[in-house]
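Work through the exercises below with the sequence and the 3D structure at hand. Each task is followed by a solution in steps.

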Amino acid sequence: MEKVRGFFLKAHQELSSHHSYTIYKQVGENQGKPLEEYEKQEEQGEEDPAALIMDMELRTINQQGQKQGGPGRQNLTPKLIIHLILINLLVFTLAFLLGYIAFRGSCQSCKDYVSEVSDDLGYELNPEATGSTLYWADLREMFHKYLDEEQLKSSIRTISLLERSSGSPGMTTLSHQIRDMFSQQKLDHVWMDTHYVGLQFPDPVRPNTLHWVDGSGNVLGELQLEDPDVYCPYSAKGSAVGRLIYANYGRLKDMEELQKKNLDPKGHLLLVRIGHVSFAEKVSNAEAFGALGVLIYPDPADIHPEPHKKLRLSNHTAVYGHVHLGTGDPYTPGFPSFNQTQFPPVESSGLPNIPVQPISANITAQLLRKLSGPNAPHEWKGTLSDTPYRLGPGPTLRLVVNNHQISTPIISIFGCIEGHSEPDHYIVIGAQRDAWGPGAAKSAVGTAILLQLVRTFSAMVRNGFQPRRSLLFVSWDAGDFGNVGATEWLEGYLTMLHLKAAVYVSLDNAVLGDDQFHAKTSPLLTSLIESILKQVDSPNHSGQTLYDQVVIPGQSWETEVIRPLPMESSAYSFTAFGGVPAVEFSFTEEGPCYPFLNTKEDTYDNLHGALQGRLPAVARAVAMVAGQLLIRLSHDHLLPLDFSCYGDVILKHIARLNEFSGDLKARGLTLQRIYSARGDYIRSAEKLQKEIYSSEDSNERLMRMYNVRIMRVEFYFLSQYVSPAIYPFRHIFLGQGDHTLGALLEHLQLLRGKGAVNGSLRYSRPRLEEGHLRRQLALLTWTLQGAANALSGDVWNTDNNF
């Protein structure tokens with residue numbers, strides 16, 4: 001009997017150890033009854049289960065015996081007792097196994113790593129807390145309750161009316177107001193970070209100009225720029241004189257198409273239209289082909305594909321955009337711009353050496369009418385009225401750019417809600433605060449959502465909710481100059497951030513329409529984003545979730561929603577420079593984007609009108625996506641990052657090398673090592689998944705060890721063999737430089753006399769250099785192998801045959 005009793009005690013202990021629900025003390029009304037019932041259940045649960053079962057058995061048998069008219073205990077033969085014990089043991093064992101299997105099926109850490117959160121998932125207030133459980137449904141309801149749509153609307157309108165260009169008095173005032181708001185919400189830590197960076201502004205005394213000139217360089221007349229204060233930050237200063245050529249979007253393939261038509265961009269000024277690639281990429285491509293200067297304009301075909309729409313960008317408006325092929329302060333590349341710190345005179349390699357100026361569609365029409373030469377291909381033609389689209393060359397122009405550099409203090413504001421279990425691990429969420437013009441879509445929406453999230457999470461914490469990891473809210477300055485604020489902060493704290501920052505969420509450019517939803521993201525967050533979209537209501541399709549709205553039946557949801565991280569996003573800096581997985585959300589129109597972005601017409605009324613009055617609802621939907629993402633990232637015992645997905649990502653990228661396997665073999669090289677490294681990564685990921693599956697999430701020490709390995713996966717893909725001062729974007733898939741897979745592919749293209757393999761960056765070597773090719777292949781291989789080794793955990797778990 002003692003053995004049977006011991007078995008029940010052991011089973012009870014095992015069952016208790018597998019119980020993963022953790023407890024929050026929920027603060028609010030009408031909590032008395034559930035709490036009393038819970039405490040009563042807890043008290044009952046502390047009784048000896050074996051004693052309870054045996055007592056029940058004896059009472060039942062005794063009652064049966066009394067009904068038969070004799071003393072109950074006289075009918076209990078040893079054989080009957082054994083049978084009863086075995087029956088109860090069998091029933092208990094079956095119930096235990098079924099309960100354990102059901103529990104394992106619902107456990108987060110047991111499903112392919114990232115799964116949808118069920119409503120029975122609870123969260124822990126603190127290790128000693130007692131009280132009612134806050135389940136996932138409770139957290140969503142609490143977030144819904146405190147998220148105020150009217151306050152969002154008011155904030156967007158107010159912020160869009162403020163003058164907030166970087167370095168201005170208005171920006172300084174707004175910075176202190178946001179800091180005070182963070183402090184009023186009683187966040188655990190609030191502070192400001194100031195950097196002194198080199199920003200470029202127009203010279204008010206000597207404005208930029210564009211003139212007609214004759215063959216001898218004599219001025220014939222001036223084309224009066226209709227938006228003289230619109231400019232391209234980081235354009236080269238000086239003048240350029242040359243005949244004009246129309247180059248479509250300024251992509252590499254556009255340049256190559258001109259060369260095929262015997263129109264070499266070299267020695268000419270180029271006229272390019274907005275779209276497809278960034279301003280910086282257009283200028284970089286033009287310079288690579290020898291152009292002397294660039295004019296950039298908005299074509300109605302790209303801005304207004306539906307002429308009947310009332311909201312249209314004026315033909316007299318130019319579009320603002322920086323032309324630094326990179327992020328951060330280009331005069332201190334790879335390291336921070338702190339005040340009174342001496343740095344060697346160095347400039348980013350992404351700065352152009354040719355002048356650039358944005359112009360209006362009206363000025364462009366005057367230029368195009370002067371062009372001669374062949375007609376532009378049909379797909380190159382825009383919709384400027386009464387304007388023939390010819391390639392040129394046209395008359396000679398002189399472009400003069402007098403922008404000047406100013407050392408400018410920029411201020412970023414930080415507020416932190418400290419986590420209770422892993423306070424040194426941060427979930428960072430940020431938004432650009434500055435704007436060149438009204439900037440309703442550019443930064444007012446993102447800043448308003450950020451402030452609303454601060455209020456919402458602060459209210460949740462005051463009502464009993466605490467994250468496991470710290471939530472760090474940031475308002476960035478100088479975003480319009482290439483995410484300078486975010487990048488400078490990363491550069492200043494790079495040595496610690498890759499150890500502490502788990503994920504970055506960007507709110508920039510969040511609402512540019514309402515037809516489509518896109519997530520520009522690291523692969524690690526893709527599965528989590530899918531589960532969140534299934535739980536957020538669509539802002540303009542009643543009864544549907546966002547997932548239902550964006551996914552087309554029969555097509556992959558990732559094809560419709562997921563996009564790569566663009567360089568102009570602050571999320572790109574976090575991932576490609578800092579090795580932190582990041583995401584940026586955007587609602588957009590089907591077709592061309594919101595037409596007023598980066599112009600003086602980016603006002604609240606225009607944005608609200610473009611969304612037909614649905615701006616607050618769409619902004620709230622973005623806040624719901626971001627908020628639920630933050631809840632999952634900051635509160636799940638195990639970080640919900642799908643580290644196993646990188647096995648497929650690696651295969652997708654290196655499969656492009658297969659085309660050259662024969663050429664490499666002829667030179668005594670093989671791709672086998674790269675495929676072997678990928679195999680090691682997959683095995684390491686599977687091994688970690690099995691370890692997690694067999695562990696208990698109540699073991700805080702073990703969970704922390706797993707989370708540390710998971711949160712550093714992105715960092716593993718930063719090349720350790722190049723200097724961040726020379727190659728800031730060290731990510732081998734997303735970065736820029738010799739160490740990347742893209743650079744290796746471009747080098748391999750030279751084996752067959754082909755040009756660049758992508759649409760924006762041209763490989764600089766004119767011919768194949770076999771020694772350098774071997775080095776590229778070796779370092780890329782070992783970066784992949786290093787990622788596999790790091791994921792496997794401890795040194796004694798790796799097994800590499802060098």
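**Exercise 1. Is Asn 509 buried or exposed, and what is the sign of its phi?**

Step 1. Take the scale: a residue is buried under 20% relative accessible area, exposed over 50%, and partly exposed in between (1.4 Å probe, protein chains only).
Step 2. Asn 509 has a relative accessible area of 16%, so it is buried.
Step 3. Find its place: Asn 509 sits in the loop between strand E14 (501-506) and strand E15 (511-512). Helices (H or I, at least four residues) and strands (E, at least two) are DSSP runs, numbered from the N terminus.
Step 4. Read phi: the value for Asn 509 is positive, about 50°, although the residue is not a glycine. Most residues other than glycine have a negative phi.

The model is predicted, so local features need pLDDT of at least 70 and side-chain atom pairs count only at pLDDT 80 or more, while totals for chains, interfaces and linings use all residues. Residues are numbered from 1 along each chain as its sequence is written, and side-chain values use heavy atoms, with hydrogens and water left out.

**Exercise 2. Where is Gln 612, and is it buried or exposed?**

Step 1. Gln 612 belongs to the loop between H19 and helix H20 (615-635).
Step 2. Its relative accessible area is 63%, so Gln 612 is exposed.
Step 3. Phi of Gln 612 is positive as well, near 55°, and the residue is not a glycine.

**Exercise 3. Which residues does a cis peptide bond join?**

Step 1. Look at omega: it is about 5° for the bond between Gly 392 and Pro 393, which is cis. Most peptide bonds are trans.
Step 2. Place the bond: Pro 393 is in the loop between helix H11 (361-368) and strand E10 (396-401).

**Exercise 4. Which residues of H11 are buried, and what covers them?**

Step 1. List the buried residues of H11: Ala 361, Ile 363, Thr 364, Ala 365, Leu 367 and Leu 368.
Step 2. With six of its eight residues buried, H11 is largely enclosed by the rest of the structure.
Step 3. Find the cover through contacts (heavy atoms within 4.5 Å). Strand E4 (209-213), E6, strand E7 (269-273), strand E8 (293-297) and E10 are among what covers the buried residues of H11.

**Exercise 5. How far does H12 reach from its first C-alpha to its last?**

Step 1. The expected span of a helix is 1.5 Å times one less than its number of residues.
Step 2. For the 23 residues of H12 the expected value is 33 Å, and the helix reaches 31 Å, close to that.
Step 3. Check the cover: 21 of the 23 residues of H12 are buried, so the helix is mostly covered.
Step 4. Just after H12, Gly 464 has a positive phi of about 100°.

**Exercise 6. What parts does the salt bridge between Arg 468 and Glu 700 tie together?**

Step 1. A salt bridge is a side-chain nitrogen of Lys or Arg within 4 Å of a carboxyl oxygen of Asp or Glu. In this pair the closest N and O atoms of Arg 468 and Glu 700 are 2.8 Å apart.
Step 2. Arg 468 lies in the loop between helix H12 (440-462) and strand E13 (469-476), and Glu 700 in helix H24 (residues 700-711), so the bridge ties together parts 232 residues apart in sequence.
Step 3. Arg 468 is buried at 2% relative accessible area, whereas Glu 700 is partly exposed at 32%.
Step 4. Salt bridges with shared partners join Glu 422, Arg 468, Arg 469 and Glu 700 into one network.

**Exercise 7. How many residues apart in sequence are the parts tied by Asp 229 and Lys 600?**

Step 1. The closest N and O atoms of the salt bridge between Asp 229 and Lys 600 are 3.0 Å apart.
Step 2. Asp 229 is in the loop between strand E5 (219-222) and strand E6 (238-246), and Lys 600 in the loop between strand E18 (582-588) and helix H19 (604-610), so the tied parts are 371 residues apart.
Step 3. Asp 229 is partly exposed at 37% relative accessibility, and Lys 600 is partly exposed with 37%.
Step 4. A search of the whole structure gives 23 salt bridges.
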